[in-house]
Amino acid sequence: MPTLGQIMRSEIGDARFRTSGAFNLREERVTAMKLATGAPCDSHGAMFAPWPGPEADVERWYLLESGRAVGLAGAGSGTPRLHLCDTVSAT
């Protein structure tokens, strides 16, 4: 399984990732990727789950081994943002 650092560097770039709060979690392994937007089809329904944090604009998010989650918003724009959620109770 890739680490958060490996995924985020390819998602948003090394410099932008280094200045985010998620950078401290860079060595944690990602256990799942979830899509927070879109319409799931029957065969891919497990990939969709609402973002567990309070932010409404997260497009996709990554569950870490620790139970924390990192959400990505604005991926299509020139200024993507990362959101952190400390605890994920269910996905």
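Trainee: In the hairpin of β2 and β3, which residue takes a positive phi?

Mentor: This is a predicted model, and in it the hairpin of β2 and β3 has four residues between the strands. The two strands run antiparallel and are joined by four bridges, with β3 covering residues 69-73. Within that hairpin, the residue with a positive phi, near 95 degrees, is glycine 67.

Trainee: Which residue in β3 is the bridge partner of arginine 60?

Mentor: Two of the partnerships between these strands can be named, and one of them places leucine 63 opposite alanine 69 of β3. For arginine 60, the bridge partner in β3 is leucine 72.

Trainee: In what order do the four strands form the open sheet?

Mentor: Along the sequence the chain follows the pattern α-α-β-β-β-β, with two helices and four strands in the chain. Pairing in the sheet is antiparallel, and β3 and β4, for example, are joined over five bridges, where valine 70 has leucine 84 of β4 as its bridge partner. The order of the strands in the open sheet is β1-β2-β3-β4.

Trainee: Which are the edge strands?

Mentor: An edge strand of this sheet is one that pairs on one side only, and the order to look at is β1-β2-β3-β4. The two strands that fit, the second of them covering residues 81-85, are β1 and β4.

Trainee: By how many degrees are neighbouring strands of this sheet turned against each other on average?

Mentor: The strands concerned are those of the open, antiparallel sheet, and their direction is ignored when the turn is taken. The average for neighbouring strands is 20 degrees.

Trainee: Which helix packs on the sheet?

Mentor: The helix in question covers residues 4-12 and touches β1, β2, β3 and β4. Its direction makes about 165 degrees with that of β2. The helix that packs on the sheet in this way is α1.

Trainee: How many of the residues of β3 are buried?

Mentor: In a regular strand the side chains alternate between the two faces of the sheet. In β3, Ala69, Gly71 and Ala73 lie on one side, Val70 and Leu72 lie on the other, and both faces are covered. The strand is mostly covered, and its count of buried residues is five of five.

Trainee: Why is the pair of phenylalanine 17 and phenylalanine 23 edge-to-face?

Mentor: The structure holds two aromatic pairs. In this one the ring centres are 5.4 Å apart and the planes stand at 65 degrees, and planes over 60 degrees apart count as edge-to-face. Phenylalanine 17 and phenylalanine 23 are both buried. The reason for the name is therefore the angle between the planes, 65 degrees.

Trainee: Where in the chain are tryptophan 51 and tryptophan 61, which also form an aromatic pair?

Mentor: The rings of tryptophan 51 and tryptophan 61 are edge-to-face, with 5.9 Å from centre to centre and 70 degrees between the planes. The pair links distant parts of the chain, ten residues apart, and both tryptophan 51 and tryptophan 61 are buried. Tryptophan 51 is in the loop between β1 (30-35) and β2 (60-64), whereas tryptophan 61 is in strand β2.

Note on methods: Residues numbered from 1 in each chain as written. Predicted model: local features only at pLDDT ≥ 70, side-chain atom pairs only at ≥ 80, totals over all residues. Heavy atoms only, no water. Phe/Tyr/Trp six-rings, centres within 6.5 Å; stacked < 30°, edge-to-face > 60°. Buried < 20%, exposed > 50% of the residue type's maximum accessible area, 1.4 Å probe, protein only. Pairing = 2+ DSSP bridges. Axes fitted to C-alpha atoms, helices over the stretch in contact; angles between N-to-C directions. Contact = heavy atoms within 4.5 Å.
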